[in-house]
Amino acid sequence: MDIRESVLPGIGMKYVMDTASGDRMVVVIHDDGRRELYHFSYDDLDQSISMVTLEDPEARQLAALVGGMTYKPKQLERVEMAFDELTIEWYRIEPHYGCTGKTIGELNIRQNAGVSVIALLDKRNGKQVNPGPEAVLNAEATVVAIGEREQQKRFKQILMNGSG
């Protein structure tokens, strides 16, 4: 997941997040504490389809709810226990990443990072489950990898730098 931030002089901060489903969320945090949340459909990332304004206490309560601080689904507890240190991460490949245009095999991902790529979601090539070493990492694609936290950090560096 990639979150881009920008300063809005005299207003506050703006955060843009493109979700794995293709939607876009924009959060504007005003200097007075208000938050504005905008939702853009993957069909038209230039046209907001909904907007909510929250006061500071409301935004903090929503963050706690969404973050799972008040309720953790039972299924997640079982998954976390089974995986222990393993995590599944989704990485959006930005156009400037060094891995763009390279294959999983060229980057020697499993040997260099220790993660396993379990899916590749690409508008050009569709969805590939358990892609092989010949799968190309294109800009704007999403790579799903499983590995331990330290391995995931190394993998992110490989994606950004284009080498191990």
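**Exercise 1.** Is threonine 87 buried or exposed?

*Solution.* The model is predicted, so begin with its conventions. Local features need pLDDT of at least 70, side-chain atom pairs count only at pLDDT 80 or more, and totals for chains, interfaces and linings use all residues of this predicted model. Residues are numbered from 1 along each chain as its sequence is written, and side-chain values use heavy atoms, with hydrogens and water left out.

Step 1. Take the cut-offs: buried means under 20% relative accessible area, exposed over 50%, and partly exposed in between (1.4 Å probe, protein chains only).
Step 2. Threonine 87 has a relative accessible area of 15%, so threonine 87 is buried.
Step 3. Locate the residue: threonine 87 belongs to strand E6. Helices (H or I, at least four residues) and strands (E, at least two) are DSSP runs, numbered from the N terminus.
Step 4. List the neighbours, where contact means heavy atoms within 4.5 Å. Leaving aside residues up to four places away in sequence, threonine 87 touches Ala145, Ile146, Gly147, Arg149 and Gln152.

**Exercise 2.** Work out the order of the strands in the open sheet that contains E6, and identify its edges.

*Solution.* Step 1. Two strands pair if DSSP finds at least two bridges between them.
Step 2. The open sheet has four strands in the order E6-E9-E7-E8, with antiparallel pairing.
Step 3. E6 and strand E8 (126-129) each have a single partner strand, so one side of each is left without a neighbour in the sheet.
Step 4. From one strand to the next, the twist averages 15 degrees. For such angles, axes are lines fitted to C-alpha atoms, for helices over the stretch in contact, and angles run from 0 to 180 degrees between N-to-C directions.
Step 5. Inside the sheet, strand E7 (residues 116-122) and strand E9 (residues 142-148) run antiparallel and are joined by five bridges. Leucine 120 has valine 143 in E9 as its bridge partner.

**Exercise 3.** Describe how helix H5 is placed and which of its residues are buried.

*Solution.* Step 1. H5 lies across E6, E7 and E9, at about 145 degrees to E9.
Step 2. H5 has 13 residues and spans 19 Å from its first C-alpha to its last, close to the 18 Å expected at 1.5 Å a residue. The expected span is 1.5 Å times one less than the number of residues.
Step 3. The buried residues of H5 are Gln151, Gln152, Phe155, Ile158 and Leu159. They cover an arc of only 115 degrees around the axis, which puts them on the same side of H5; the arc is that of the directions from the helix axis to the C-beta atoms.
Step 4. Their cover includes E6, helix H3 (104-107), helix H4 (109-113), E7 and E9.
Step 5. Just after H5, glycine 162 takes a positive phi of about 85 degrees.

**Exercise 4.** Find the one aromatic pair in the structure and classify its geometry.

*Solution.* Step 1. Rings of Phe, Tyr and Trp (its six-membered ring) pair if their centres lie within 6.5 Å; planes under 30 degrees apart count as stacked, over 60 as edge-to-face and the rest as tilted.
Step 2. The structure holds one aromatic pair. The ring centres of tyrosine 91 and phenylalanine 155 are 5.2 Å apart and the planes stand at 85 degrees, so the pair is edge-to-face.
Step 3. Tyrosine 91 is in strand E6 (residues 86-92) and phenylalanine 155 in helix H5 (residues 149-161), 64 residues apart, which links distant parts of the chain.
Step 4. Tyrosine 91 is buried at 8% relative accessible area, and phenylalanine 155 is buried at 0%.
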